Amino acid sequence: MRTSREVRLASRPQGWPTAENFELVEVDVPAPDPGQIVVRNLFMSVDPYMRGRMNDVKSYVPPFQVGAALDGGAVGEVVGSTSDAVKVGDVVLHGLGWREYAVLNAAHAKVLDPNAAPLSAYLGVLGMPGLTAYAGLLAVGEYKDGETVFVSGAAGAVGSLVGQFAKLRGSKRVIGSAGSAEKVKHLVEDLGFDAAFNYKDAPVAEQLAAAAPDGIDVYFDNVGGDHREAAIGALNVHGRAVLCGAISHYNDVDAAPGPRNLMQAIGKRLTLRGLLVRDHESLAPQFVTEVGGWLREARLVVEETVVEGIENAPAAFLGMLRGENTGKMLVKL
Ligand SMILES: NC(=O)c1ccc[n+]([C@@H]2O[C@H](COP(=O)([O-])OP(=O)(O)OC[C@H]3O[C@@H](n4cnc5c(N)ncnc54)[C@H](OP(=O)(O)O)[C@@H]3O)[C@@H](O)[C@H]2O)c1
């Protein structure tokens, strides 16, 4: 019988998670039931939302269970199948990452075209983070050609695409913030941002005001906290903030204070709107056509930070929370 290693939640973190919150366990891979497939995972994703799932709280995705394997996006090759729809040799996208082999119903797997793009792209630019950036900018942020866009977490999976999508769609000025001098350089020199700053260098409000002398029209918020407050201050009349994430608070033990300047939303008639990518599946065909086209024409720069081995998946996740990634953080299995 085949064996597989999987990462389980050993305990729930208080504040910042550590390696001790995870456990690597070897298990037997069961034979597939009728209609099931066995997948040898090739890449798995580590994402910020998984931090929320380590807490025992009700949210839009159920919490991970102590003693059980974690899960999340993965791409792999089918090595066993009792399904007519999905064959051995197919490459599939599915939701049972954090393990070397996954056994699942074929109906829960999406067969991919391995020749259309590198497999890792389906966990990044052509996957959930890509659609988040696309739907957030266009549907939630109602971005229009020629507007000025500010995105936080700009060197990460979602943020790096938000900025590039805005430029490709004719933005007048795209500004990004990130957590190191190298990332700031990357945003301007490699990704084509008009301006970028390191949020650790000086107050965000000051740096944003200098980078956006005419204000901003859309703020794509991956970070929350002082970034959100600074953006409310910089948004122009009828500006929109896309509330995508708040990673500066994911390890907080106490509730974070709200933006102190929310009153400005009245006078400036701002829209602050939450985004959940799964609400925007209907945009997926348009997203694949437009972003797939940009990829084929080599008009998008796609960065990945790839860590090797299931045993290093917790370190990849913890590293992503600390900003060790440029572009999408992935684990190659
Ligand atoms: N709503 C949705 O449907 C949806 C879907 C996908 C993602 N998201 C959210 O989108 C955001 C980005 O996700 P992603 O997958 O693209 O992750 P990512 O940006 O690739 O990785 C996380 C990044 O967050 C930054 N970070 C960590 N702590 C920070 C802090 N205190 N202040 C500012 N930045 C900090 C780090 O970069 P630095 O080096 O720059 O600090 C790190 O690289 C997250 O908030 C995530 O929860 C939401």
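## A walk around the ligand and helix 2

Start at the ligand and pick tyrosine 199: an N or O atom in the side chain of tyrosine 199 sits 2.5 Å from an oxygen atom of the ligand. Keep in mind that you're looking at a predicted model.

Next, select cysteine 244. Here the backbone does the work of the contact, with an N or O atom 3.0 Å from a nitrogen atom of the ligand. Then hop to valine 277, where a polar backbone atom is 2.8 Å from an oxygen atom of the ligand. Switch on a surface if you like: on its own the ligand has 910 Å² of accessible area, and the protein covers 90% of that.

Now show the whole shell. There are 26 residues around the ligand, and the nearest are Lys183, Tyr199, Tyr250, Leu275 and Asn325. Colour the shell by class and you get 16 nonpolar, nine polar and one charged residues. Which helices each supply at least two residues of this shell? Helix 2, helix 3 (157–168) and helix 9 (313–322) do.

Stay with helix 2, residues 128–140, and add helix 8, residues 284–296. Their axes come within 10 Å and cross at roughly 105 degrees. That falls in the 65 to 115 range, so helix 2 is roughly perpendicular to helix 8.

Last stop, the crossing itself. Select Gly130, Leu131, Tyr134 and Leu138 on helix 2; they meet Ala284, Gln286, Phe287, Glu290 and Val291 on helix 8. Sorted by class, this contact has six nonpolar, two polar and one charged residues.

Note on methods:
Residues numbered from 1 in each chain as written. Predicted model: local features only at pLDDT ≥ 70, side-chain atom pairs only at ≥ 80, totals over all residues. Heavy atoms only, no water. Axes fitted to C-alpha atoms, helices over the stretch in contact; angles between N-to-C directions. Helix = DSSP H or I, 4+ residues; strand = E, 2+ residues; numbered from the N terminus. Parallel < 35°, antiparallel > 145°, perpendicular 65-115°, else oblique. Contact = heavy atoms within 4.5 Å. Nonpolar A, V, L, I, M, F, W, Y, C, P; charged D, E, K, R; others polar. Near = heavy atom within 4 Å. Polar contact = N/O pair within 3.5 Å; in protein donor to acceptor, adjacent residues only side chain to side chain. Areas by Shrake-Rupley, 256 points an atom, 1.4 Å probe, with all protein chains shown as cover.
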